[in-house]
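Reader: I'm new to this one, and I'd like to understand the reasoning behind the labels. Could you show it to me and then take my questions?

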Amino acid sequence: MRASVGDNARVRDVGLTPELSVELITGSQAESGAYPASPVHDVYRYGWLRDGSWCAHAMDRVDRHASAAAWHRWVADVMLGHEHRLARALEAVRDGAVDDQVMPPARFTLDGEEEPVTEKQWPNFQLDCYGFWLWSLADHVSRSGEMEPRLESAARLVVRYLVAAAEVPCYDCWEEHPGHRHTSTLASVAAGLRDAGALLDDAEARERAESLRRLILGPEHTLASSLIRFPGDTRVDASLLWTFVPYALLPGNSEIAVTTIRRIRDELHVPAGGVRRYQGDTFYGGAEWILLAASLGSVAIAQGDTDLALLMRAWIEASANAAGHLPEQIADRPQSPHMLAYWQKRWGQTATPLLWSHAMYLILVEDLSDAARDEHPARPN
Ligand code: BGC
C-alpha cells in the first residue's frame, strides 16, 4: 500500500492492467475527440495538448488508431479555429511584443474553446506541447497510414508558428519557470519540426529543427557533457529523458545521453521508488511522478537495462489505487512535506486517475514487449 499525494489509506485489491488503462483513456475521451487530463478532477478537466498527445500516442501503440485519429482531428479543428490567434502570435514574435495573453494556450475546454480567464488560471504559454503534438501526429500518420487535408493544414499552421516562435522564452512543460528557453521545450519543438518537416516535405521546418538540435547541444544548454534545464540553471529535469526516447535527437550511447541519463538516475530517481521532476520541486511536495518513472523505464530499455524497466513497471503497478487508477504523483518521500500540505489545501487530492500516467504506463508495457520480442524473435514457420 502506498501513500499517493491524494489518498493516504488505500487497499489495493483490483490492480492496474494495460487493458484497464486503455479502457480508461478511451472511455474518458469526449465526443469531440479531446482527452481530459483527468476525467474527475476539477482543475484537470481541460484538454491539454501535451497530455492528450501522449494519450493519442499510447493509443497508437496499442493499435487503437481510431481514438488517436479522433484526438488529432480535434486538435486540427482547434488549431484551424484559432488561426487568428496563431497569426497574432506570429506578429507579436516578429514585433518583439510577446506576452502570455497573446500567445496561444496549452489547453482548451473539451469543446475546443479557450479557458475563461480567471484569477485562479494556471500559466498557459508553453511551446513544448505544440512541438509534441506535431511529433505525435507524424508518428500517428506513419503508423496508421492516414493523413487528411485538415490535419495537413493544421500541421502546416503549427509548423509556421513554431519555426518563428521556437526560441521565445516561455513556461516549461510543468507550467512553471516563465521567461526561460527550456532545453526540454526546445527538444520537443525540434522533434516536432523534424518529423512534421519530413511528413509535409517542408525543408524550412527540417532546417529549423536541425538548428534547434545544435543549439541544445551547444554551450548554453550543456555543462560537463550533460544537458541542463535552461541556460543558467545547471540542474537536470526528468523531462530531458524524452530527448532520447522517444525523440531520438541524439544517439542513446552518445556522451551527452549517457551523462544526462546517469544524472537523472542519480539525482531524481528515488531508490525503490519513482522519479522526481527536478531537485527543489515543491508542487504537491515535489513527489515521485508515475509518468516519469515510465519514461525512465523506456530509456533504460533503449540502454539495454531491462531490469530497471521492469522495476519501474512494478513500482507503477504497486502505485495504483484500489480501482487500478494511477495518480500524478506518489508522496512516499516528498521533497517538501509542507508544500504537499499547501497544495492539498489549495487544490484537494492529486488528480487520479491522470490519463497521462496511464498513457506512459502503456507505452512502457509496449516497449518492454518489443524488447522481449527483439530478444526472442518468433521462429519463421
Ligand atoms: C503538469 C503539466 C500537465 C498538467 C495536466 C501539470 O501539473 O505540470 O505537465 O500537462 O498538469 O496534467
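Author: What follows is a set of questions and answers about cavities, cysteines and a few backbone spots. Keep in mind that this is a predicted model.

Reader: Let's start with the empty spaces. How many cavities of 30 Å³ or more does a search of the whole structure find?

Author: Two. The largest holds about 70 Å³ of space, and the second largest has a volume of about 30 Å³.

Reader: What makes a space like that a cavity?

Author: A 1.4 Å probe has to fit there but be unable to get out. Rolling a probe the size of a water molecule over the atoms shows where empty space is left.

Reader: Which residues line the largest cavity?

Author: Among them are Asp172, Cys173, Trp174, Arg229, Asp237 and Leu240. By class, that lining divides into three nonpolar, five polar and three charged residues.

Reader: And what lines the second largest cavity?

Author: Its lining includes Leu127, Ala166, Val168, Cys170, His180 and Arg181. Here the classes come out as five nonpolar, three polar and one charged. His182 and Thr185 are in this lining, and they also appear in that of the largest cavity.

Reader: You've named a couple of cysteines. How many disulfides does the search find?

Author: Zero, over the whole structure.

Reader: Why is Cys170 not in a disulfide?

Author: A disulfide needs two cysteine sulfur atoms within 2.5 Å. The closest cysteine sulfur to that of Cys170 is in Cys129, 8.5 Å away, so the distance is too far for a bond.

Reader: What about Cys173, where is its nearest cysteine sulfur?

Author: Also in Cys129, at 9.6 Å, and Cys173 is in no disulfide.

Reader: Why do Cys170 and Cys173 count as buried?

Author: Buried means under 20% relative accessible area. Cys170 has 2%, so it counts as buried. Cys173 has 5%, so the label fits there too.

Reader: Why is Ala97 called partly exposed, then?

Author: Partly exposed is the range between under 20% and over 50%. Ala97 has a relative accessible area of 44%, so it belongs in that range. You'll find Ala97 in the loop between α4 (83–95) and β2 (107–108). Leaving out residues up to four places away in sequence, Ala97 touches Ala92 and Val102.

Reader: Now the backbone. What is noteworthy about phi of Asp201?

Author: Phi is positive there, about 55 degrees, although Asp201 is not a glycine. Asp201 sits in the loop between α7 (183–200) and α8 (203–217). With a relative accessible area of 62%, Asp201 is over the 50% cut-off and therefore exposed.

Reader: And what is phi of Ala224 near?

Author: It is near 45 degrees, again a positive value in a residue other than glycine. Ala224 lies in the loop between β3 (222–223) and β4. At 68% relative accessible area, Ala224 is exposed because the label needs over 50%.

Reader: Last one: which peptide bonds are cis, and what is omega in each?

Author: One of them joins Val245 and Pro246, with omega about 15 degrees. Pro246 is in the loop between β4 (226–227) and α9 (255–268). Another runs from Thr352 to Pro353, where omega is near 0 degrees. Pro353 has its place in the loop between α12 (337–347) and α13 (355–375).

Methods. Residues numbered from 1 in each chain as written. Predicted model: local features only at pLDDT ≥ 70, side-chain atom pairs only at ≥ 80, totals over all residues. Heavy atoms only, no water. 1 Å grid on protein atoms, 1.4 Å probe; cavity = no way out; pocket = protein on both sides within 12 Å on 5 of 7 lines; lining within 4 Å. Points joined across faces, edges and corners; volume = space filled by probe spheres on them. Nonpolar A, V, L, I, M, F, W, Y, C, P; charged D, E, K, R; others polar. Buried < 20%, exposed > 50% of the residue type's maximum accessible area, 1.4 Å probe, protein only. Helix = DSSP H or I, 4+ residues; strand = E, 2+ residues; numbered from the N terminus. Contact = heavy atoms within 4.5 Å.
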